[in-house]
Amino acid sequence: MEGELPLSFDLVANQLDFVSSRDVKEQLLQYNLDHTLQVAKFRDALKAFFGSSYLCAQIGCSGEANVPVDLELEPLGTSVMNMEFFDRFTEVGIVSAEGKIRGCFDETYDGITVGDLLREFLLNPESENASAFSTEEQQELIFQIFRLFAVGGALCQPEDNINKYLSLTKTAYKEIVTVFRNSSTNAVQVSGRAFKVKRVDGVDLFPDNPTSPHSVCIAVLDPLKKHIVFVKNTFKDFW
């Protein structure tokens, strides 16, 4: 990711197709993500992107990156190829065989009140189900996308069945990543790499709520299609 910064960018799409569908818009409204979730596609390199204050503003960032650009990235895995990955929720009893999410007593974690075992697992590091997915599995891109939808915003109206979360996650994932068959191994795999953007010196990634642990900025670099897809959400407190 080092090297000379390109001089120009091309905004390929300021929203991906899945975000534009009526059903998804209704789901995002239900999850309180309708005004905060941003999905955009750009051509060129990550450091060059954050070196432009104009482009940063396109995904809701502010400020101007230091030169040379210094950023902190957390790698995300892209090895999961089917939705059976999430069967674990049924195996550990968070979700019934029919997909019903089991309830629990209301608790609040970092400003979010939860009343079901799924969101309790996602938000409580001391959850009895904390070991359901390993740290490495939770660092899979598809898990992070699922978590974004299931946690939602401060006014989220959670689903009582996991299947709607899974359907939206599958739809989003298929559009965010490029899948191809490796000619050498004949294995199906994802093109490129995915990262959580944790810090960019000089840039406020989440100017509306810089300290929330629920805000997230994900970058997916696709060398086949020569673009970056950003999935970014700023969690806005209700109070």
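## Pocket, cavity and a helix pair

The lining of the largest pocket splits into 17 nonpolar, ten polar and seven charged residues (nonpolar means Ala, Val, Leu, Ile, Met, Phe, Trp, Tyr, Cys and Pro; charged means Asp, Glu, Lys and Arg; the others, Gly among them, are polar). We're working with a predicted model, where local features need pLDDT of at least 70, side-chain atom pairs count only at pLDDT 80 or more, and totals for chains, interfaces and linings use all residues. Residues are numbered from 1 along each chain as its sequence is written, and side-chain values use heavy atoms, with hydrogens and water left out.

**Exercise 1.** Work out how α8 and α9 pack, and which word fits their angle.

*Solution.*
- Find helix α8 at residues 141-151 and helix α9 at residues 162-176 (helices are DSSP runs of H or I, at least four residues, numbered from the N terminus).
- Their axes lie 9 Å apart, at an angle of about 130 degrees (axes are lines fitted to C-alpha atoms over the stretch in contact, and angles run from 0 to 180 degrees between N-to-C directions).
- α8 and α9 are therefore oblique to each other (under 35 degrees is roughly parallel, over 145 roughly antiparallel, 65 to 115 roughly perpendicular, the rest oblique).
- Now pick out the contact (heavy atoms within 4.5 Å): α8 brings residues including Ile145 and Phe149, while α9 brings Ala172 and Ile176 among them.
- Sorted by class, that contact has 13 nonpolar, one polar and no charged residues.

**Exercise 2.** Find which element gives the most to the lining of the largest cavity.

*Solution.*
- List the lining: Phe18, Leu37, Val39, Ile145, Leu148, Phe149, Ala172, Ile176 and Val231.
- α8 gives the most, with three residues.
- By class, the lining has nine nonpolar, no polar and no charged residues.

Key
Helices (H or I, at least four residues) and strands (E, at least two) are DSSP runs, numbered from the N terminus. On a 1 Å grid over the protein atoms alone, a cavity is a set of points where a 1.4 Å probe fits but cannot get out, and a pocket is an open set with protein on both sides within 12 Å along at least five of seven lines; lining residues have an atom within 4 Å of a point.
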